[in-house]
Number of protein chains: 2
Amino acid sequence: MFKLDPQIKADTFHIADLPLSDLRLMNNKTLPWLMLVPKKIGCIELTDLTLEEQKNLIEEVNLVHQMLFDYQPDKINVGAIGNIVSQLHIHVVARFKEDPVWPAPVWGKVEANPYSDQECADEMVRLQALLKKHQ
Amino acid sequence: MFKLDPQIKADTFHIADLPLSDLRLMNNKTLPWLMLVPKKIGCIELTDLTLEEQKNLIEEVNLVHQMLFDYQPDKINVGAIGNIVSQLHIHVVARFKEDPVWPAPVWGKVEANPYSDQECADEMVRLQALLKKHQ
């Protein structure tokens with residue numbers, strides 16, 4: 001059975017189960033920062049998914065873009081890195097010209113900035129509505 | 001007609017024209033660092049490609065993975081960032097635990113380290129052979 005990496009679990013909140021991936025919110029309120037974790041055992045590289053699964057993943061990446069466009073970002077950054085946490089996970093991050101690390105990529109740059117319980121609850125309401133709108 | 005961004009042109013070498021993308025080599029010999037630039041006018045976000053085109057792109061991302069596996073990397077990093085150069089381009093980079101910036105992402109971290117003419121020619125021979133093998 002698929003098991004989420006403990007580091008990812010600690011750093012993110014569950015938003016929804018999509019057909020392929022667990023859609024999660026990074027616990028950092030500096031930026032709208034979502035993550036897709038394909039629920040398939042043992043995936044590290046993109047190519048550990050079948051080509052068919054990767055095409056399903058790109059559909060989910062599209063869905064996340066549609067959700068993030070609601071934040072009116074200047075750019076959306078997508079990354080599958082995994083040098084520290086090897087379980088395959090895809091970051092999809094809304095970026096703004098005024099954000100604290102623009103134009104650098106966010107990874108390893110954005111300082112910890114966790115949501116309060118109320119902020120997280122509010123963000124989840126917004127994200128669930130966006131998901132419903134675009135799914 | 002599609003025109004490659006001048007900054008990308010200055011930083012990379014053309015390897016091959018794939019059905020969707022211009023496959024290019026980053027002019028930095030620190031790492032095997034390839035780039036896919038979809039040859040469609042006006043693309044900035046992934047979603048500026050149709051879903052069908054994105055599925056073609058993921059096939060090309062797979063091809064590049066197969067080529068880079070020949071370098072026996074510890075991880076492959078994939079990123080579509082575009083905060084500085086907006087023309088849609090996808091980095092696919094072979095990473096090694098002994099590389100100078102591991103485990104940080106490469107963007108903005110790897111110092112300039114251009115190929116000599118001979119080194120570039122040699123690398124191109126290898127890449128063309130890998131492309132032929134996996135295409």
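Colleague: Happy to be looking at this with you! What rotation superposes chain A on chain B?

Modeller: Welcome! Keep in mind that this is a predicted model. Chain A lands on chain B with an RMSD of 0.0 Å and 0.0 Å of shift along the rotation axis. The two copies are thus related as by a two-fold rotation axis. The rotation asked for is 180°.

Colleague: In chain A, which residue has the C-alpha nearest the axis?

Modeller: A good place to look is strand β4 of each chain, where β4(A) and β4(B) pair in the antiparallel sense over 3 bridges. In β4(B), B:Gly79 is the bridge partner of A:Gly79. The C-alpha in chain A nearest the axis lies 2.1 Å from it and belongs to A:Gly79.

Colleague: Which element gives the largest share of the side of chain A that touches chain B?

Modeller: Here 28 residues of chain A are in contact with 28 residues of chain B. Two elements of chain A give two or more residues to this side, α2 (51-69) and β4 (75-80). The largest share is 8 residues, and it comes from α2(A).

Colleague: How many residues of that side of chain A are nonpolar?

Modeller: The copies meet through the same surface, because 100% of the interface residues of chain A are also interface residues in chain B. On the side of chain A that touches chain B, 9 residues are polar and 5 are charged. The nonpolar residues there number 14.

Colleague: Which strands stand at the edges of the sheet?

Modeller: Let's walk across it: 10 strands form an open sheet with antiparallel pairing, in the order β1(A)-β2(A)-β3(A)-β5(A)-β4(A)-β4(B)-β5(B)-β3(B)-β2(B)-β1(B). Each edge strand has a single partner strand, so one side of it is left without a neighbour in the sheet. Neighbouring strands are turned by 20° against each other on average, direction ignored. The edge strands are β1 (12-17) of chain A and β1 (12-17) of chain B.

Colleague: Which residue in β5(A) stands opposite A:Asn77?

Modeller: Strands β4(A) and β5(A), the latter residues 90-95, pair in the antiparallel sense. Their pairing runs over 5 bridges. Opposite A:Asn77 in β5(A) stands A:Val93.

Colleague: What angle does helix α3 of chain B make with β1(B)?

Modeller: Two helices of chain B pack on the sheet, so let's take them in turn. Helix α2(B) touches β2, β3, β4 and β5 of chain B, and its direction makes about 165° with that of β3(B). Helix α3(B) touches β1 and β2 of chain B, and its direction makes an angle with that of β1(B) of about 25°.

Colleague: How are α2(A) and α3(A) oriented to each other, and what is the handedness of their crossing?

Modeller: Their axes come within 9 Å and cross at roughly 120°. α2(A) and α3(A) are therefore oblique to each other. The contact is made by A:Leu63, A:Gln66 and A:Met67 of α2(A) with A:Leu127, A:Leu130, A:Leu131 and A:His134 of α3(A). So, in short, the orientation is oblique, and the crossing is right-handed.

Colleague: Which residue follows A:Trp102 across a cis peptide bond?

Modeller: Most residues other than glycine have a negative phi, and most peptide bonds are trans. The bond after A:Trp102 is cis, with omega near 0°. The residue it leads to sits in the loop between β5 and α3 of chain A, and its name is A:Pro103.

How values were computed: Residues are numbered from 1 along each chain as its sequence is written. Chains are lettered from A and ligands numbered from 1 in the order in which they are written. This is a predicted model: local features need pLDDT of at least 70, side-chain atom pairs count only at pLDDT 80 or more; totals for chains, interfaces and linings use all residues. Two residues are in contact if their C-beta atoms, placed from the backbone, lie within 7 Å. Helices (H or I, at least four residues) and strands (E, at least two) are DSSP runs, numbered from the N terminus. Ala, Val, Leu, Ile, Met, Phe, Trp, Tyr, Cys and Pro count as nonpolar, Asp, Glu, Lys and Arg as charged, and the others, Gly among them, as polar. Two strands pair if DSSP finds at least two bridges between them. Copies are superposed by least squares on the C-alpha atoms of residues with pLDDT of at least 70 in both. Axes are lines fitted to C-alpha atoms, for helices over the stretch in contact, and angles run from 0 to 180 degrees between N-to-C directions. Angles under 35 degrees count as roughly parallel, over 145 as roughly antiparallel, 65 to 115 as roughly perpendicular and the rest as oblique. A crossing is left-handed if the near helix is turned anticlockwise from the far one by less than a right angle, and right-handed if clockwise.
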